[in-house]
Amino acid sequence: MSLMLPCKPDRGQRSVSLAGQSVEMSMVGCETGDALLALSHMPLPTGLPVGEALAQWRAVTLQHLGAASGGDVTQAFVPPGALVVPQSVRQRVQGRRSDGSPVQAQLAWFAQVSPQGTRLFQAAFYAPKVPAEPAQTWLDSLRFQ
């Protein structure tokens, strides 16, 4: 996966639960001004269909942000080289950070099949007010090589 970040990236890993399974999630991201850009990925949990896994990850993210899944702008999102499934989407939401302050987010969930297995991805652009053009440019930079 390649992407453009406008700042020096930080990397991290942590265990998360998806579909009742512990999965190792890797993240790369950076902060620029008052915006945070992040790409997270994890292996597809055993026995879980790709679409269901993406839908669950999306629901957990929206719940964490305190954002409703309805009423926000959602559209298909399949970067070059990604798996085409209906749950591969991009969504703009309004929510709250963990400290309670308001935040806007442009989020995308998608998957890729490779010889190493299927991986799930989430791209996120968070800011008090997400400017449409930089968010679009960043999401457009995502591609599998």
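**Notes on a predicted model: strands, pockets and cores**

1. In this predicted model, a convenient place to begin is the pairing of arginine 11, whose bridge partner in β2 is valine 28. That pair belongs to an antiparallel arrangement in which β1 and β2 are joined by nine bridges. The hairpin formed by β1 and β2 has two residues between the strands, and alanine 19 in this hairpin takes a positive phi near 55°.

2. The pairing continues from β2 to β3, since these strands are also found to run in the antiparallel sense, here over seven bridges. Methionine 27 can be used to locate this pairing by eye, as it stands opposite serine 40 in β3. The hairpin of β2 and β3 has two residues between the strands, and in this hairpin glycine 33 takes a positive phi near 60°.

3. What volume of space lies in the largest pocket? The computed value is about 700 Å³, and of the 28 residues lining this pocket, those closest to its centre are Arg14, Met25, His64, Gln122 and Tyr126. Two or more lining residues come from each of β1 (10-18), β2 (21-32), β3 (35-43), α1 (50-65) and β7 (117-127), so that the hairpin strands discussed above reappear here as parts of a pocket wall.

4. Which element supplies the largest share of the lining of the largest pocket? That element is β1, which gives seven residues. As for the character of the lining of the largest pocket, its residues divide into 15 nonpolar, eight polar and five charged.

5. The second largest pocket holds about 160 Å³ of space, and of the 15 residues that line it, the closest to its centre are Pro6, Leu37, Phe125, Pro134 and Trp138. At least two residues of this lining are supplied by each of β3, β7 and α2 (132-140), and the largest share, three residues, comes from α2. The lining of the second largest pocket divides into 10 nonpolar, three polar and two charged residues.

6. Turning to the interior, the largest nonpolar core has 24 residues, and those with the most contacts inside it are Met42, Leu65, Leu107 and Leu120. The elements giving two or more residues to this core are β1, β2, α1, β5 (89-96), β6 (102-114) and β7, while the one that gives the most is α1, with six residues.

7. Leucine 107 deserves a separate look, and one may ask which residues it is in contact with once its neighbours within four places in sequence are left aside. The list consists of Thr61, Leu62, Leu65, Val89, Arg90, Gln91, Val93, Ala123, Ala124 and Tyr126. Apart from the largest core lies another core, of 18 residues, among them Leu39, Ala82, Ala123 and Trp138.

8. Is arginine 92, whose place is in strand β5, buried or exposed? Its relative accessibility is 44%, and because the partly exposed class lies between 20% and 50%, arginine 92 counts as partly exposed. A reader who wishes to place arginine 92 in the fold may compare its position with that of tryptophan 138, 46 residues apart from it along the chain, for the C-alpha atoms of the two are separated by 14 Å.

Key:
Residues are numbered from 1 along each chain as its sequence is written. This is a predicted model: local features need pLDDT of at least 70, side-chain atom pairs count only at pLDDT 80 or more; totals for chains, interfaces and linings use all residues. Side-chain values use heavy atoms; hydrogens and water are left out. On a 1 Å grid over the protein atoms alone, a cavity is a set of points where a 1.4 Å probe fits but cannot get out, and a pocket is an open set with protein on both sides within 12 Å along at least five of seven lines; lining residues have an atom within 4 Å of a point. Grid points are joined across faces, edges and corners, and a volume is the space filled by probe spheres set on the points. Helices (H or I, at least four residues) and strands (E, at least two) are DSSP runs, numbered from the N terminus. Ala, Val, Leu, Ile, Met, Phe, Trp, Tyr, Cys and Pro count as nonpolar, Asp, Glu, Lys and Arg as charged, and the others, Gly among them, as polar. Two strands pair if DSSP finds at least two bridges between them. A nonpolar core is a set of buried Ala, Val, Leu, Ile, Met, Phe, Trp, Tyr and Cys residues joined through side-chain atoms within 4.5 Å. Buried means under 20% relative accessible area, exposed over 50%, partly exposed in between (1.4 Å probe, protein chains only). Contact means heavy atoms within 4.5 Å.
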